[in-house]
Amino acid sequence: MAKSPLDRLASLGEEVLGKAQQNPAAHRLLQGAMQLKDRVDDLSKRVRGLEQMEKRLAQLEKRLSKMEYAAKKKPPPSGAKKTTTAAKKTATKK
């Protein structure tokens, strides 16, 4: 039975991968590529976290600006009573 070109290519690819695993330079290259992939994944997670923080910060800034606008719009009541606490008297021993 004759092998199809796809079967030949697959077996050739397996052979090349087997030889590449035995080659120290190719092994180091593969390890470096895997480390790079892990670092990129970690970085993308951090960036997603920063995007969420930026959204929250924008929401807080909007709330703060609304509060500041409301505070400027309503002047404080001028006839409000100010209460102060009197100093407590302490008893002295005789």
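What share of the 94 residues in the chain do buried residues make up? I looked that up before anything else, and buried residues come to 0%. Buried here means under 20% relative accessible area, exposed means over 50%, and partly exposed is in between, with a 1.4 Å probe and protein chains only.

**Ground rules.** I am working on a predicted model, where local features need pLDDT of at least 70 and side-chain atom pairs count only at pLDDT 80 or more, while totals for chains, interfaces and linings use all residues. Residues are numbered from 1 along each chain as its sequence is written, and side-chain values use heavy atoms, with hydrogens and water left out.

**Overall layout.** I found two helices and zero strands in the chain. Both kinds of element are DSSP runs numbered from the N terminus, helices being H or I with at least four residues and strands E with at least two. The chain's accessible surface is about 10,200 Å², and carbon and sulfur atoms hold 60% of that. Such areas come from the Shrake-Rupley method with a 1.4 Å probe, and for residues only the protein chains shown count as cover.

**Helix α1.** I checked its length against expectation: the 18 residues should span 26 Å at 1.5 Å a residue, and the end C-alpha atoms are 26 Å apart, which agrees. The expected span is 1.5 Å times one less than the number of residues. Cover is scarce, as zero of the 18 residues in α1 are buried.

Then I went for the nonpolar surface patch, formed by L6, L9, L12 and V16, with about 420 Å² of accessible area together. For the record, patches take residues with over 30% relative accessible area and no salt bridge, joining like charges within 9 Å and nonpolar side chains (Val, Leu, Ile, Met, Phe, Trp, Tyr) within 5 Å. I picked out L12, which lies in α1, residues 5-22. L12 counts as partly exposed because its relative accessibility is 47%.

**Salt bridges.** The rule I used is a side-chain nitrogen of Lys or Arg within 4 Å of a carboxyl oxygen of Asp or Glu. How many does that rule give? The count is three salt bridges.

In α1, E15 and K19 sit four residues apart, about one turn of the helix, and their side chains meet at 3.6 Å, N to O. E15 is partly exposed at 45% relative accessible area, whereas K19 is exposed at 54%.

Over in α2, residues 24-73, I found K37 and D41 four residues apart, again about one turn. Their closest N and O atoms are 3.3 Å apart. D41 is partly exposed at 34%, and K37 is partly exposed at 45%.

R46 and D42 make the α2 bridge I noted next, at 3.5 Å, N to O. They are separated by about one helical turn because they are four residues apart in α2. R46 is exposed at 57%, but D42 is partly exposed at 37%.

**Length and start of α2.** Its 50 residues should span 74 Å at 1.5 Å a residue, and I read 73 Å between the end C-alpha atoms, which agrees.

What caps the N-terminal end of α2? I found N23 doing that, with a side-chain oxygen 3.1 Å from the backbone nitrogen of A25. N23 belongs to the loop between α1 and α2, and it is partly exposed at 39% relative accessible area.

Notes:
A polar contact is a pair of N or O atoms within 3.5 Å; within protein, one must be able to donate a hydrogen and the other to accept it, and residues adjacent in sequence count only if both atoms are side-chain atoms.
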